[in-house]
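This briefing concerns the pockets, the helix packing and the salt bridges of a single model. Please consult the sequence and the structure shown here alongside the points that follow.

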Amino acid sequence: MSETHPNLMASDVVVHLPEDPALAAISEKGREHFLEVVAAYPESSLCWALLAETCLADDDLGSSLAAYAYARTGYHRGLDTLRRNGWKGSGAVPWEHEPNRGFLRALWALSVAAGRIGESEEQQRCAQFLRDSSETAYQELTS
């Protein structure tokens, strides 16, 4: 996808989110207790992104709608966390900093799910936002 407008995220701000405690809980509790981790850490973009990605593995309407809802939740939780950590609507959210990946994955999942339900404007907006936030994330997640 080529850039269709100036990069609105271009700024000197680089956001490094704090460690997500859900990541350690997922590793510790395992797959069979994943929903308990989501319930314990509803602010975790990573948890919502993982739920969305699981739904995206099936290409039916119900799964696409569920993925959209999960991804939107992760996206909004991520925006809240970004703002609490100095992001003011512009700046880089580097993929290389692992705690940023939950938000970036939720943003990617939202783009994919939006495309599947025919919301092409949202799909394109989210894909561009991902690319503007982290070109590396865009390349990793879309390849």
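Helix 3 provides the largest share of the lining of the second largest pocket, with 3 residues. The model is a predicted one. The points below start with that pocket and then turn to the largest pocket, a helix pair and the salt bridges.

**Second largest pocket**
- The second largest pocket holds about 170 Å³ of space.
- Its lining consists of Ile26, Gly30, Arg31, Phe34, Leu35, Leu50, Leu51 and Thr54.
- At least two lining residues come from each of helix 2 (34-40) and helix 3.
- By class, this lining comprises 5 nonpolar, 2 polar and 1 charged residues.

**Largest pocket**
- The volume of the largest pocket is about 400 Å³.
- The largest pocket is lined by 24 residues, of which Asp20, Ser44, Leu46, Pro99 and Gly102 are the closest to its centre.
- Two or more residues of this lining are given by each of helix 1 (21-29), helix 3 (45-56), helix 4 (61-84) and helix 5 (101-116).
- The lining of the largest pocket is made up of 10 nonpolar, 6 polar and 8 charged residues.

**Packing of helix 4 and helix 5**
- Two packed helices are described by the angle between their axes and by the distance between those axes.
- For helix 4 and helix 5, the angle is about 145° and the axes lie 8 Å apart.
- The two helices, helix 4 and helix 5, cross in a left-handed manner.
- On the helix 4 side, the contact involves Ser64, Ala67, Tyr68, Ala71, Arg72, Gly74, Tyr75, Gly78, Leu79 and Leu82.
- On the helix 5 side, the residues met are Phe103, Ala106, Leu107, Ala109, Leu110, Ala113, Ala114 and Arg116.
- Residues of this contact between helix 4 and helix 5 fall into 13 nonpolar, 3 polar and 2 charged.

**Salt bridges**
- Side chains of opposite charge can pair when their charged atoms come close.
- The model contains 6 salt bridges, counted with a cut-off of 4 Å between the side-chain nitrogen and the carboxyl oxygen.
- One salt bridge joins the side chains of Arg105 and Glu53, with an N to O distance of 2.5 Å.
- This pair connects distant parts of the chain, as Arg105 belongs to helix 5 and Glu53 to helix 3, 52 residues apart.

Note on methods. Residues are numbered from 1 along each chain as its sequence is written. This is a predicted model: local features need pLDDT of at least 70, side-chain atom pairs count only at pLDDT 80 or more; totals for chains, interfaces and linings use all residues. Side-chain values use heavy atoms; hydrogens and water are left out. On a 1 Å grid over the protein atoms alone, a cavity is a set of points where a 1.4 Å probe fits but cannot get out, and a pocket is an open set with protein on both sides within 12 Å along at least five of seven lines; lining residues have an atom within 4 Å of a point. Grid points are joined across faces, edges and corners, and a volume is the space filled by probe spheres set on the points. Helices (H or I, at least four residues) and strands (E, at least two) are DSSP runs, numbered from the N terminus. Ala, Val, Leu, Ile, Met, Phe, Trp, Tyr, Cys and Pro count as nonpolar, Asp, Glu, Lys and Arg as charged, and the others, Gly among them, as polar. Axes are lines fitted to C-alpha atoms, for helices over the stretch in contact, and angles run from 0 to 180 degrees between N-to-C directions. A crossing is left-handed if the near helix is turned anticlockwise from the far one by less than a right angle, and right-handed if clockwise. Contact means heavy atoms within 4.5 Å.
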